[in-house]
Amino acid sequence: MSLLNNLKGIIHNLDFRLCFSLASLIISFIATFFSYRNTRIAKQSLKLNEELFEARTPQLVPYLRACFSYRLEKSQSKIYAFLISVSNLSDANNSISRLELQINYTRSNNLSNNLLLPHKPKLVEHLFLNSIKTLNVPIHIDAHQTIDGWTFFELDDSLIRNVNIDMYKIRFIDSHRKESNLKPIILQEILSEETLAKFIHTNS
């Protein structure tokens, strides 16, 4: 009889320990599940916030459609003209507050420097092309919109005498002081008004 009671006690203790272990395992599984679920939700929320932040980050993307240089008659300066389009890829409106042509050059003594020329829309009057679309700074660009038009810069010959031009770069500074740029490689030189008119007609 004593042996039977001992066996019952052992079985009872085993059942209790087994139930306790199973309960602990279930609780651990539930805690792990909720921890994984909360981590996943947090990651998804972080990714969504990053995407929203990126979507509203200023992002202007310029494209070069055509460009040329033209020397004014009886003048010691040359006009540089660029037909550009600028797309606003952001969810927020933006604007171009500054538009400049940067010319990098090297002198005969191998010293490098650069010039910054401001955009001068009124130069179009010297080209007798008043009918073409020019850009006037500041330039407002709505979210996910694209604007286009001609930009003009004037360079005095004396500023680049006896130098080698290394690079042209058009700089776009937006209202957030963020810069985008274009680097034209080939700049066609136009020598006559007739050729200029044909070029503008073809590329506008």
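The exercises below, each with a worked solution, concern a predicted model of one protein chain.

## Exercise 1. Overall layout

Describe the secondary structure of the protein chain and state how its residues and surface are divided.

Solution.
- Step 1. Count the elements: the protein chain has 2 helices and 9 strands.
- Step 2. Read their order from the N terminus, which is α-β-β-β-β-β-β-β-β-β-α.
- Step 3. Turn to burial. Of the 204 residues, 35% are buried.
- Step 4. Turn to the surface. About 13,800 Å² is exposed, and carbon and sulfur atoms supply 55% of that area.
- Step 5. Check the sequence range of the contacts. Among contacts between residues at least 6 apart in sequence, 70% join residues at least 24 apart.

## Exercise 2. The nonpolar cores

Find which residues of the largest nonpolar core touch the most other members, and which strand supplies the largest share of this core.

Solution.
- Step 1. The largest nonpolar core has 25 residues, and those touching the most other members are Phe82, Ile84, Val86, Leu101, Ile170 and Phe172.
- Step 2. Assign the core to strands. At least two residues come from each of S1 (60-71), S2 (77-88), S3, S4 (112-118), S5 (139-141), S6 (146-156) and S7 (163-174).
- Step 3. S3 gives the largest share, with 5 residues.
- Step 4. Look for a core apart from this one. Another core holds 18 residues, including Phe68, Ala81, Leu123 and Val124.
- Step 5. Take isoleucine 170 as a sample member of the largest core. Beyond four places in sequence, isoleucine 170 touches Phe82, Ile84, Leu99, Glu100, Leu101, Ser180, Asn181, Leu182 and Pro184.
- Step 6. Place this in context: nonpolar side chains in soluble globular proteins tend to be buried together.

## Exercise 3. Aromatic pairs

Give the geometry of the pair formed by phenylalanine 82 and phenylalanine 153, and then that of tryptophan 150 and phenylalanine 152.

Solution.
- Step 1. The structure contains 4 aromatic pairs.
- Step 2. Phenylalanine 82 and phenylalanine 153 pair edge-to-face, with centres 5.9 Å apart and 65° between the planes.
- Step 3. Locate the partners. Phenylalanine 82 is in strand S2 and phenylalanine 153 in strand S6, so this pair ties together parts 71 residues apart in sequence.
- Step 4. Both phenylalanine 82 and phenylalanine 153 are buried.
- Step 5. Tryptophan 150 and phenylalanine 152 are stacked, at 6.3 Å centre to centre and 20° between the planes.
- Step 6. Tryptophan 150 is buried, because its relative accessible area is 2%. Phenylalanine 152 also counts as buried, at 0%.
- Step 7. Phe68, Trp150 and Phe152 form one aromatic cluster.

## Exercise 4. Salt bridges

Which residues form salt bridges with aspartate 148, and what links glutamate 100 and arginine 171?

Solution.
- Step 1. The whole structure has 8 salt bridges.
- Step 2. Arginine 65 bridges to aspartate 148, with the closest N and O atoms 2.7 Å apart.
- Step 3. Arginine 65 lies in strand S1 and aspartate 148 in strand S6, so the pair ties together parts 83 residues apart in sequence.
- Step 4. Arginine 65 is partly exposed, at 43% relative accessible area. Aspartate 148 is partly exposed as well, at 26%.
- Step 5. Aspartate 148 also bridges to lysine 133, at 3.1 Å between the closest N and O atoms. Lysine 133 is in the loop between S4 and S5, 15 residues from aspartate 148.
- Step 6. Glutamate 100 and arginine 171 are linked by a salt bridge of 2.5 Å, N to O. Glutamate 100 belongs to strand S3 and arginine 171 to strand S7, 71 residues apart.
- Step 7. Apply the burial cut-off of under 20%. Glutamate 100 is buried because its relative accessibility is 13%, and arginine 171 is buried at 13%.
- Step 8. Arg98, Glu100, Arg171 and Glu179 are linked in a network of salt bridges.

## Exercise 5. Two polar residues

Decide whether asparagine 94 and aspartate 157 are buried or exposed, and list what each touches.

Solution.
- Step 1. Asparagine 94 is in strand S3 (residues 94-107) and is buried, because its relative accessible area is 3%.
- Step 2. The side chains of asparagine 94 and aspartate 174 make a polar contact of 3.1 Å.
- Step 3. Beyond four places in sequence, asparagine 94 touches Pro58, Leu60, Asn88, Ile139, His140, Ile141, Asp174, Ser175 and His176.
- Step 4. Aspartate 157 sits in the loop between S6 and S7. At 17% relative accessible area, aspartate 157 is buried.
- Step 5. Beyond four places in sequence, aspartate 157 contacts Arg71, Gln76, Ser77 and Lys78.

Technical notes:
Residues numbered from 1 in each chain as written. Predicted model: local features only at pLDDT ≥ 70, side-chain atom pairs only at ≥ 80, totals over all residues. Heavy atoms only, no water. Helix = DSSP H or I, 4+ residues; strand = E, 2+ residues; numbered from the N terminus. Buried < 20%, exposed > 50% of the residue type's maximum accessible area, 1.4 Å probe, protein only. Polar contact = N/O pair within 3.5 Å; in protein donor to acceptor, adjacent residues only side chain to side chain. Contact = heavy atoms within 4.5 Å. Core = buried A, V, L, I, M, F, W, Y, C linked by side-chain atoms within 4.5 Å. Areas by Shrake-Rupley, 256 points an atom, 1.4 Å probe, with all protein chains shown as cover. Phe/Tyr/Trp six-rings, centres within 6.5 Å; stacked < 30°, edge-to-face > 60°. Salt bridge = Lys/Arg side-chain N within 4 Å of Asp/Glu carboxyl O.
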